[in-house]
Amino acid sequence: MAISIGPSLRGIVYALAASVFIVGAAEARQLTYGSYLPPAHPTSEDGIARFVDIVEDETDGEIEFAFYPSEAAASAKTMLSAIEDQLIDAGFIVSVYFPTSLPVNMVLSDLSFYNADNAITAAAITDTVLNDCPQCMDEFKDKNVRFLATYSTPPYQAMCKGDMSDGFDPSGLRMRAPGSEVGRWVSEIGGVPVNIPNSEAYEAMERGQLDCVIGAVSWLDSLSLAEVVDSVVTLPMGGFQGGSLFNISQQVWESLDDDTRGIMQDAALQALASTVYAYTAEEKTARDKAKSEDIRFVDVSDDTAERRDAFMESQVEQSAKTARERGVDNPDAIVQAFLDNLDEWRDRIEGQDLSEQEYYALLKKHILSEDGQ
C-alpha cells in the first residue's frame, strides 16, 4: 500500500468529492483517514497504516484509503468535527479533548490510573465500548462515528527539565496533563496542569511554557522529547485510554455490506494488537536509550507514592460523579463494566508471554460476536 500524505485540507476536500464507487475495470471507493500524530508514530505506522493495509487487501482493493497524518486533515481538537461534518471519513479521536461532546466515553478516560498494562487495558476498553456500553456507541453514532477499536499506551510518567538530583518536587511545575483526571492529580501534588496535545509538547518545553510532560516514555523518541528532557519520574501517572483510534464515519459504515463491515472490524483488532505491541517495544527501546544518554530516572518519595495509590482509589467515585455533572445517565454502570472487563482481561493475559498473534486471537475470540459486530 502506498500511503499518500495530503498537503492541505483543500486536497482532502477534493479527495472526499471522489469518495464514490468508480465504475471501471476495478471498482474502488476512496476514503480518507486523519491523525494529528506524525507518520512514524506507532498509532500511524503500526496502527492506522496496518488497518488500512488489511482493509485494502481483504476487499481486493474495492476500498482504498488516503492517510493524512501530522494534522494535514485535522488537528487533535478538530478531528471529531471533521468526521462529523464529513470532511474526512475516519480519524484518530482522543476523547479527553472533547469532554463536553463525548461525556459518556470520558467516563473510561477518567479511569486512566487503572492502566497498569496497556495490553490488558486496551482490550478492556475496546470490549467495554463495543459490548457493554450502548451509551458509548450511541454517543459516537450521534457524531457520525462508528467506533471499531482503540488502544492504550503503557502507563504515563512525567518527563521533565532539570536533573532532579534532590528528588521529584512537583510544587509549581507546569505539567502537560492529558485530561481532567490527570490534571486533578497534578493539582493535588502541587503542580500546575496544562492541557495541550502531545504533538505540541516539544515546542512548549523548548519555549519554557512547560516544565514536564506526562506521557509515554516512548515519546522521548517518537516526539523527540529526549532533546528537551533531563529526567523521567518513574511513578505511573495514568495513561491514554478511551477515544477511538480505529473508526469509520457512521455514514460510510451504513453504506457498507456485512462482509466489508466484518473486514473492517477484524482489521481494527489486528491493528490494535499491532499498535499495542509496537508501543511496548518502542517504550523499552526509548527507556534503554534514555538511560544510555544519561537521562535520569527519578523515584518518588513514599509519601508521593501513597498519595498516588489513594488518588487511584478515588477515581472510581470521582469518574462517575464527574460524568453525572456532564449529564451522563447511570455512569456507575459504565465504570463497573470497565472494571469487570479489566479483571477478566487480566485473568486472560497477566503473566503470559503472548505473541502479537496470540493476543489478537484472544481479542477476536472474546470481543467479536458471531456476526462480527
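1. Buried means under 20% relative accessible area, exposed over 50%, and partly exposed in between. The model is predicted, and the points below apply these classes to individual residues.

2. Asp 57 lies in helix H2. Its relative accessible area is 52%, so Asp 57 is exposed. Asp 57 is one of the residues of a negative surface patch, whose other members are Asp 53, Glu 58, Asp 60, Glu 62, Asp 257, Asp 258 and Asp 259. Two elements give two or more residues to this patch: helix H2 (42–58) and helix H11 (258–292). H2 supplies the largest share, three residues.

3. The structure holds 13 salt bridges. In one of them, Arg 174 pairs with Asp 211, with 3.1 Å between the closest N and O atoms. Arg 174 lies in strand E6 (residues 174–176) and Asp 211 in the loop between helix H8 (201–206) and strand E8 (212–215), so this salt bridge ties together parts that are 37 residues apart in sequence. The two partners fall into separate classes: Arg 174 is partly exposed at 32% relative accessibility, whereas Asp 211 is buried at 18%.

4. Helix H11 also takes part in a salt bridge, between the side chains of Asp 221 and Lys 289 (3.6 Å, N to O). Asp 221 belongs to helix H9 (residues 219–222) and Lys 289 to helix H11, so the pair links parts 68 residues apart in sequence. Asp 221 is partly exposed, with a relative accessible area of 28%; Lys 289 is likewise partly exposed, at 39%.

5. A salt bridge within one helix is formed by the side chains of Glu 344 and Arg 348 (3.6 Å, N to O). Both residues lie in helix H13, four residues apart, which is about one turn of the helix. Glu 344 has 38% relative accessibility and therefore counts as partly exposed.

6. Leu 342 is also placed in helix H13 (residues 331–349). At 2% relative accessibility, Leu 342 is buried. Leaving aside residues up to four places away in sequence, Leu 342 touches Tyr 114, Ile 120, Thr 121 and Ala 124. From Leu 342 to Asp 288 the C-alpha to C-alpha distance is 29 Å, and the two are 54 residues apart in sequence.

7. Thr 304 sits in helix H12 (residues 302–325). Is Thr 304 buried or exposed? Its relative accessible area is 11%, so Thr 304 is buried. With residues up to four places away in sequence not counted, Thr 304 touches Trp 185 and Leu 235.

Definitions and conventions:
Residues are numbered from 1 along each chain as its sequence is written. This is a predicted model: local features need pLDDT of at least 70, side-chain atom pairs count only at pLDDT 80 or more; totals for chains, interfaces and linings use all residues. Side-chain values use heavy atoms; hydrogens and water are left out. Patches are made of residues with over 30% relative accessible area and no salt bridge: like charges are joined within 9 Å, nonpolar side chains (Val, Leu, Ile, Met, Phe, Trp, Tyr) within 5 Å. Accessible areas come from the Shrake-Rupley method with a 1.4 Å probe; for residues, only the protein chains shown count as cover. A salt bridge is a side-chain nitrogen of Lys or Arg within 4 Å of a carboxyl oxygen of Asp or Glu. Lys and Arg count as positive and Asp and Glu as negative; His and the chain ends are not counted. The place of a charge is taken as NZ of Lys, CZ of Arg, CG of Asp or CD of Glu. Buried means under 20% relative accessible area, exposed over 50%, partly exposed in between (1.4 Å probe, protein chains only). Contact means heavy atoms within 4.5 Å.
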